[in-house]
Amino acid sequence: MKNPWTNLMTGVVKVKANGKGTERLLNKLMKANVHIWDVKRKDAESIIFTIDYSEVFKLRQAVRKSEYKVSFISGSGGPFFLKRLKKNSGFIVGLLAFLLCIFILSNMVWGIKIYEADPATEHEIRKELDSIGVKVGKIQFFLDSPETIQRKLTESIGRLTYVGVDLKGTIYHLKVVEKKQPEEVIRTGPQHLVAKKKAIITDMLVEKGQAKVNVHDYVTKGQLLVSGIIGREEKPEVVSATGKIMGETWYKATVKMPLKTRFSVYNGDEYSNYYLTGGGFSLPVWGFSNPTYKQFEEETVSRPFHFLQWELPIGFKTKTQRSKEIIVREYTKEQAVVQAKMMAKSDLEKILGEDASIVGEKILHERIENGKIILSIHFQVIENIATGLPIIQGD
Amino acid sequence: MTRTWRQRFKQLVVRTMDLPQDVIMDLPRITMIGQLHIYIENHRGLLAFSETEVRLMLKHGQLLISGSALVIKTILPEEILIEGKIDKVLFINE
């Protein structure tokens, strides 16, 4: 006997046979090795039985040239199910459309949340995100990766020390750390002003306290500039000395500048291949050729598809090759000196305070060694040399 | 005469070799489960079928099954399974 499950797979047909002596029809089918089941008598001249869909042709053969009338009542199982499915294909289309909708919606950006930022910074971040295309309603694959967004944000918004960009599902979470603007240190305690380093005083502006030095004086490190003790000697008064003492100070810098430098730069040529990935395979969907760059850098970004909160085993991969070129920059000696000076100056400016200015420079020594020019430069700088020194009372 | 000789020989074989009789002698093997099912092997075709009566051809004679609400569950060249309420199983010898 056959398994009814396999019968259902291939399909079964319910048949009604009409005619005199339907038993003979059954015998005939039996002889032809047709599997028959569920035989019922309907009335004196007709019976109902079930056969396999694949054996209908045998039934036709048996019925041909006989007085029986055979009609099919209904079919069930595989082929009939498919036929019905075709008829009701709207359902299938609807189901697929629904899945597609959910799929697309699960891969969209649904929100951008910014934490720990004040309103101005938040506004700026949102504007910047807008300009790089991160907006609510965008599809995630066409956006930069969180790392790139993070880099771009920190680069373009100076106020940010750090932005942690995290993509959780469909929502970008941005954790912001703002640069704290240095607060004005208000010293209320009594203090003297002393020299930070040796200098020649060029300008003095004493707000409080008693100046102990004059313009054009040479001072050494730690020397008292403005005293916080004022008044007559018998009855001294202690105040917090404040003021700006500008002095000329000296810096010596040594810079090395190679005459010949090799740079590798992108020349702007790039080519991207896009792939659909799944289970270790990647199927190219766009960009089928392989560029023939002599030197290039390859960047591969792959991101998985999502369905609701699940990550699907398939994904989207972008492989970008950027062409590189080696550029050799060569300076003459004069050019190298100029460049080296500029470099030294900008290095110096970084360590100097805001109110400092470089007023003069002098090349002390220059020599060329191993294709590099080595310069010793002397800088004259005007800067505030005053620094507070608390007065310890009690003696 | 020959038929009886063959019959006798078969009887002998069955008795001496202790084989089941239906195998050698083309007899129907009938299995019944209460009144619900009747399973007949070695039949020779269906003669009449209705809700109250099923008539089967055997090698010798016929088998009449009468009852109510009879349905042929399966029918194969040599086997038949009938379901329903079986009241009577009757051998008819010509």
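**Close-up 1. Glu270(A), Glu299(A) and Arg322(A) share a network of salt bridges.** This is a predicted model, and here we start with its charged side chains. What links Glu270(A), Glu299(A) and Arg322(A)? The three are joined by a network of salt bridges. In general, side chains with opposite charges can pair once their charged atoms come close. If you go hunting through the whole structure, counting over all chains, you'll find 17 salt bridges. The next three views pick out some individual pairs.

**Close-up 2. A salt bridge joins Glu297(A) to Lys324(A).** The side chains of these two residues meet at 3.1 Å, N to O. Glu297(A) sits in strand 18 of chain A (residues 296-307), while Lys324(A) belongs to strand 19 (residues 310-330), so the pair ties together parts that lie 27 residues apart in sequence. Is Glu297(A) buried or exposed? Somewhere in between: Glu297(A) is partly exposed, at a relative accessible area of 37%.

**Close-up 3. Asp347(A) and Lys350(A) pair up within helix 8 of chain A.** Here the side chains meet in a salt bridge of 4.0 Å, N to O. Helix 8 covers residues 333-351, and because the two partners are 3 residues apart in it, about one helical turn separates them. Asp347(A) is partly exposed, with a relative accessible area of 39%. Lys350(A), for its part, counts as exposed, with a value of 68%.

**Close-up 4. Arg367(A) meets Glu369(A) in a salt bridge.** How far is it from N to O in the salt bridge between these side chains? The answer is 3.3 Å. Take a look at the surroundings of each partner, too. Arg367(A) is partly exposed at 38% relative accessibility, and Glu369(A) is also partly exposed, with a relative accessible area of 36%.

**Close-up 5. Helix 7 of chain A has a buried side and a face turned away from it.** Now we leave the charged pairs and turn to a helix. Helix 7 spans residues 146-156 of chain A, and its buried residues are Pro146(A), Thr148(A), Ile149(A) and Leu153(A). Why do these four end up on the same side of the helix? They take up an arc of only 160° around the axis, which puts them together on that side. Several elements of chain A help cover them, including helix 6 (119-131), strand 6 (160-168) and strand 7 (171-178). Over on the face turned away from the buried side, look for Glu147(A) and Glu155(A), which are exposed.

How values were computed: Residues are numbered from 1 along each chain as its sequence is written. Chains are lettered from A and ligands numbered from 1 in the order in which they are written. This is a predicted model: local features need pLDDT of at least 70, side-chain atom pairs count only at pLDDT 80 or more; totals for chains, interfaces and linings use all residues. Side-chain values use heavy atoms; hydrogens and water are left out. Buried means under 20% relative accessible area, exposed over 50%, partly exposed in between (1.4 Å probe, protein chains only). Helices (H or I, at least four residues) and strands (E, at least two) are DSSP runs, numbered from the N terminus. The arc is that of the directions from the helix axis to the C-beta atoms. Contact means heavy atoms within 4.5 Å.
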